[in-house]
Amino acid sequence: MRSYIFVWILTFLVTTPLVASSIDVVFCIDTTDGMKGEIKALKKKVKAIAQVANVRMGVVAYRDQGDEYRTKSLPLTKNVKKVRHFIKNLKAAGGGELADVRAGLAVSIDEMKWNSGPRLIVLIGDAG
């Protein structure tokens, strides 16, 4: 499943005509305990995604209410090292309730400083 998601993202980036200008991609990811494998996979794929297109990437991590944090984020940037460093420091922990997907999406939509071009939010989670 993980590989399929990243193949789809890469295909989208390569085949979207507007990508020639630039595209903004935000990874909105559940960082509760059950997401260790997905976080590890994202760490490996970010560099490949950045090489495909003129892309700015941002990250929003979310957990359950009452965990260490509800959301934390990295603003959109072209600096792949910053993105990789932020993701590298994400640890899967907490959980037990329903992860606060709404809070993660709200930050992704409302708090990122999106360009006027194509935008993509990649929601990565294992709960409803």
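**Exercise 1. Strand pairing**

Which residue is the bridge partner of Met57 in S3? Determine also how S2 pairs with S1 and with S3.

*Solution.*
Step 1. The structure is a predicted model. Locate strand S2 at residues 55–62 and strand S3 at residues 71–77.
Step 2. The bridge partner of Met57 in S3 is Thr77.
Step 3. S2 and S3 run antiparallel and are joined by five bridges.
Step 4. Strand S1, residues 23–30, pairs with S2 in the parallel sense, over eight bridges.
Step 5. As an example on the S1 side, Cys28 stands opposite Val60 in S2.

**Exercise 2. The two faces of S2**

Assign the residues of S2 to its two sides, and state whether each side is buried or exposed.

*Solution.*
Step 1. In a regular strand the side chains alternate between the two faces of the sheet.
Step 2. On one side of S2 are Val55, Met57, Val59 and Ala61. On the other side are Arg56, Gly58, Val60 and Tyr62.
Step 3. The residues on both sides are all buried, so both faces are covered, given that buried means under 20% relative accessible area.
Step 4. The count for the strand is accordingly eight buried residues of eight.

**Exercise 3. The sides of helix H3**

Explain why the buried residues of H3 line one face of the helix, and name the exposed residues on the face turned away from the buried side.

*Solution.*
Step 1. H3 spans residues 80–88, and its residues Val83, Phe86 and Ile87 are buried.
Step 2. Viewed down the axis of H3, the buried residues fall within an arc of 95°, and therefore they line one face of the helix.
Step 3. The general rule is that an α-helix has 3.6 residues a turn, so residues three or four places apart point the same way.
Step 4. Lys81 and Lys88 are the exposed residues on the face of H3 turned away from its buried side.
Step 5. At the start of H3, the backbone nitrogen of Lys81 has a side-chain oxygen of Asn79 within 3.0 Å.

**Exercise 4. The nonpolar cores**

Which elements give two or more residues to the largest nonpolar core, and which gives the most?

*Solution.*
Step 1. In soluble globular proteins, nonpolar side chains tend to be buried together.
Step 2. The largest nonpolar core here has 24 residues; Val25, Phe27, Ile29, Met57, Val59 and Leu90 have the most contacts inside it.
Step 3. The elements that give two or more residues to this core are S1, H2 (36–52), S2, H3 and S4 (119–124).
Step 4. H2 gives the most to this core, with five residues.
Step 5. Another core, of ten residues, lies apart from it and includes Cys28, Tyr62, Ala99 and Val107.

**Exercise 5. Two residues contrasted**

For Lys91 and for Ser108, state whether the residue is buried or exposed, and list its contacts beyond four places in sequence.

*Solution.*
Step 1. Lys91 lies in the loop between H3 and H4, whereas Ser108 lies in helix H4.
Step 2. The relative accessible area of Lys91 is 52%; the cut-off for exposed is over 50%, so Lys91 is exposed.
Step 3. Ser108 has 0% relative accessibility; the cut-off for buried is under 20%, so Ser108 is buried.
Step 4. Beyond four places in sequence, Lys91 touches Thr31, Ile39 and Arg63.
Step 5. With the equivalent neighbours left aside, Ser108 is in contact with Val26, Cys28, Val60, Trp114 and Ile121.

Methods
Residues numbered from 1 in each chain as written. Predicted model: local features only at pLDDT ≥ 70, side-chain atom pairs only at ≥ 80, totals over all residues. Heavy atoms only, no water. Buried < 20%, exposed > 50% of the residue type's maximum accessible area, 1.4 Å probe, protein only. Helix = DSSP H or I, 4+ residues; strand = E, 2+ residues; numbered from the N terminus. Pairing = 2+ DSSP bridges. Arc of directions from axis to C-beta. Polar contact = N/O pair within 3.5 Å; in protein donor to acceptor, adjacent residues only side chain to side chain. Core = buried A, V, L, I, M, F, W, Y, C linked by side-chain atoms within 4.5 Å. Contact = heavy atoms within 4.5 Å.
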